[in-house]
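Okay, thanks everyone for coming. Let me put the structure up, and then I'll walk you through a few spots on it.

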Amino acid sequence: MKHYFFLCLSNIFIDNFILVKFLGLCPFMGVSNNIQSAVGMSLATSFVIIISSFFLWFINGFILIPYDLLYLRIILYILIISVLVQFLELFLKKISFRLYLMLGIFLPLITTNCAVLAIPLFNIYLHHTLIESILYGVSASLGYTLVMIIFSSIRERIIVSDIPLIFKGAPIALINISLMSITFMGFQGIIKL
């Protein structure tokens, strides 16, 4: 049980996919202008990450490895992730059209979000069991959501602040990402896995 707790804690704070591993930066920068869209994108990405971690663990363990089809891993993973994103897109269009419009082009881009593909690949590389794979996906999603909410809160505050013209837009956003990254990297060394 302690192992699972530290796996989750490490994945949220120490090895955060956005700030430490620098994966998934495109939707992170594109959708973090306000908190509503950041939460919506985080939930959408989390759904795809968690469900794909579950399904892809089974596909890897019961189809790819036994039938020696490892060369199809990336193609099959992207296919499954694409199907999940399409399902999510149809679901959001039907249930919450406003959120669907708010996420815009970034919703289909979850398919190409490298964090979504990296998590199942890390599960394989780290030889995770099914429970560890699901916890890895959940904790990576929580870390992704945490960083999205913090950064979108900062960006909302920056918009109303008096910032020198040279720093407006992307420069101040990148400075803030750098400072957040340094903060999260400060957690390294606390937990040894």
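**A patch, a histidine and a phenylalanine**

So, on the surface, Ile-166, Phe-167, Ile-175, Leu-179 and Ile-182 make a nonpolar patch of about 500 Å². Patch here means residues with over 30% relative accessible area and no salt bridge, with nonpolar side chains (Val, Leu, Ile, Met, Phe, Trp, Tyr) joined within 5 Å and like charges within 9 Å. A salt bridge is a Lys or Arg side-chain nitrogen within 4 Å of an Asp or Glu carboxyl oxygen, and the areas are Shrake-Rupley with a 1.4 Å probe, counting only the protein chains shown as cover for residues.

Bear in mind this is a predicted model: local features need pLDDT of at least 70, and side-chain atom pairs count only at 80 or more, while totals for chains, interfaces and linings use all residues. Numbering runs from 1 along each chain as its sequence is written, and side-chain values use heavy atoms, without hydrogens or water. The chain's mean pLDDT (predictor's confidence per residue, 0 to 100) is 89, and 98% of residues reach 70 or more.

Leu-179 from that patch sits in helix H8, residues 170-185; helices are DSSP runs of H or I, at least four residues, numbered from the N terminus. Phe-184 is in H8 too. Buried or exposed, Phe-184? Buried, because its relative accessible area is 6% and the cut-off is under 20% (exposed is over 50%, partly exposed in between; 1.4 Å probe, protein chains only). Leaving out residues up to four places away in sequence, Phe-184 touches several residues, including Ile-12, Leu-19 and Leu-146, with contact meaning heavy atoms within 4.5 Å.

Technical notes: Helices (H or I, at least four residues) and strands (E, at least two) are DSSP runs, numbered from the N terminus.
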